[in-house]
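Hi,

Here is the structure I said I would pass on. Have a look at it first, and then read my notes underneath.

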Amino acid sequence: MNFSWSKNQEELKRAATKFAAAKLNDDIIQRDKNGKFSLDGWKACADFGLQGMLMPKKYGGLGFGLLDIVAILEGIGYGCKDNGLIFSINAHIWGAEAPIYHFGTETQKKKLLPGFCNGSLIGANAMTEPGSGSDVYSLRTTAVKKNNYYTLNGTKIFVTNAPLADIFIVYARTAKSRGFSGLSCFLVEKGTKGLVIGENFEKMGLRTSPMSEVIFNNCKIPKNNLVGQKGSGALVFNDSMEWERVFILANCVGIMDRQLKYCIEYANSRKLDTKPIGKYQSVANKIVDIQSNLEVSRLLLHKAAWLKSCKESASMASAMTKLYLSEAYIKSIRCVMDIFGGYGYMTEYELERELRDALASTAYSGTSQIQKNIIAGLSGL
């Protein structure tokens, strides 16, 4: 069993860290305060190849291996402090790109994936509804087929990237049955009549990532906008979620790594009674907790990505990765805040923003409770 990066992966990680630190942190304190998305950052990431990591070269991507992608995302997390931007890019890749790549027609792939990769198109995944969250089978949005069109009616909420999105991946009910065959997946383009985008939500954290409500009011789309087969929406969504649960927090491993280094430097330089605070057990133990959370998170992440790269089932591994990494991420930044004390509470130190950004990680892509339900079910309970 080999736990080391290859030389190429080490170089990819270094390049991602260098790029992110140089290009993605401009005016982040003020942009966070104003809830402003960085379109320049989005374009810079596309030029770097971030949005095209997963896609083959034939569709305008770079065709990186999955462990290569983990290395890149860790590097991005280490160098980038605009967590909202990276969250938006992750939502774009795993919630919009991946379903089209894995289930779309060749025509859909050729039309959309090159734009997704080069940053000219922004994707959004519309699943969650006001009356349903993690329970995908209780959604009420409908898609009724007549002749060569489907007509969508319903409301989606908490749709990441919606205010800026060009393409929406929409899940709707095409049959009354509550099971797998009751849902279907559709492409809806910006500007389609009957598609209404709500105002950008003001959020506690990830403020630089745009999010809003999306309403479908007799929204008529061609039948060719169906992604996969009619009735395969749950299959498309579950596949997308498995990819998302593996990779959406990969950059957070890089963030924890950066914070660990920051804490060690601070604990060695900050003194109490002429003694570095790191020499006090209460501080040292918190740094050990951060280190432990980082290492276990990285191992779970790498195992899940390795399973996906081997085309093995990663349902259990992805749920465990999402569960542990999100909880560890929050615990780690809380330790960081404790080590820095009052300074950590000050905006200029940029740690209070990290805490606000981290808190959502146990909610998106399925709550921690949902991950536990998945793990329990796969364990035979």
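Below is what I found, going from the overall picture to the packing and then the charged pairs.

First, a reminder that this is a predicted model. The mean pLDDT of the protein chain is 95, with 98% of its residues at 70 or more. If you want to know where confidence dips, go to strand β9 (residues 271-272), which has the lowest mean, 90. Helix α3 (residues 39-48) is at the other end with 98.

On the general build: the protein chain has twelve helices and ten strands. A compact globule of 381 residues would have a radius of gyration near 21 Å, and the chain's value of 21 Å agrees with that. The C-alpha trace spans about 80 × 45 × 40 Å along its principal axes. Of the 381 residues, 55% count as buried. Taking contacts with a separation of 6 or more, 75% are between residues 24 or more positions apart. The accessible surface is about 17200 Å², and carbon and sulfur atoms account for 53% of it.

Now the inside. The largest nonpolar core has 90 residues, and the ones that touch the most other members are Leu-50, Ile-76 and Phe-247. Helix α10 (residues 315-340) is the top contributor to this core, giving ten residues. If you centre your view on Leu-50, you should find it touching Cys-45, Ile-72, Leu-73, Ile-76, Ile-86, Ile-89 and Ile-93, leaving aside residues up to four places away in sequence. Another core, of 19 residues, lies apart from the largest one; Ala-143, Val-159, Ala-162 and Phe-186 are among its members.

Helix α11 (residues 351-359) is worth a look too. Eight of its nine residues are buried, so the helix is largely enclosed by the rest of the structure. What surprised me is the list of those residues: alongside Leu-351, Leu-355 and Ala-358 come Glu-352, Arg-353, Glu-354, Arg-356 and Asp-357. The helices they pack against are α2 (28-34), α5 (83-103), α8 (250-269) and α10.

That brings me to the salt bridges, of which a search of the whole structure finds 18. Three pairs are in my notes:

- Arg-356 with Asp-32: the closest N and O atoms are 2.8 Å apart. Arg-356 is in helix α11 and Asp-32 in helix α2, so this pair ties together parts 324 residues apart in sequence. Both ends are buried, Arg-356 with a relative accessible area of 18% and Asp-32 with 7%.
- Glu-189 with Lys-111: here the closest N and O atoms are also 2.8 Å apart. The pair links strand β5 (residues 183-189), home of Glu-189, to helix α6 (residues 106-118), home of Lys-111, across 78 residues. Glu-189 is partly exposed, at 32% relative accessible area, and Lys-111 counts as exposed, at 53%.
- Asp-257 with Arg-298: the closest N and O atoms are 3.3 Å apart. Asp-257 sits in helix α8 and Arg-298 in helix α9 (residues 281-309), so parts 41 residues apart in sequence are tied together. Arg-298 counts as buried, at 14% relative accessibility.

Asp-257 and Arg-298 also belong to a network of salt bridges, together with Lys-13, Glu-74 and Glu-295.

Cheers

Key: Residues numbered from 1 in each chain as written. Predicted model: local features only at pLDDT ≥ 70, side-chain atom pairs only at ≥ 80, totals over all residues. Heavy atoms only, no water. Core = buried A, V, L, I, M, F, W, Y, C linked by side-chain atoms within 4.5 Å. Buried < 20%, exposed > 50% of the residue type's maximum accessible area, 1.4 Å probe, protein only. Helix = DSSP H or I, 4+ residues; strand = E, 2+ residues; numbered from the N terminus. Contact = heavy atoms within 4.5 Å. pLDDT = per-residue confidence, 0-100. Rg over C-alpha atoms; globule rule 2.2 N^0.38 Å. Areas by Shrake-Rupley, 256 points an atom, 1.4 Å probe, with all protein chains shown as cover. Salt bridge = Lys/Arg side-chain N within 4 Å of Asp/Glu carboxyl O.
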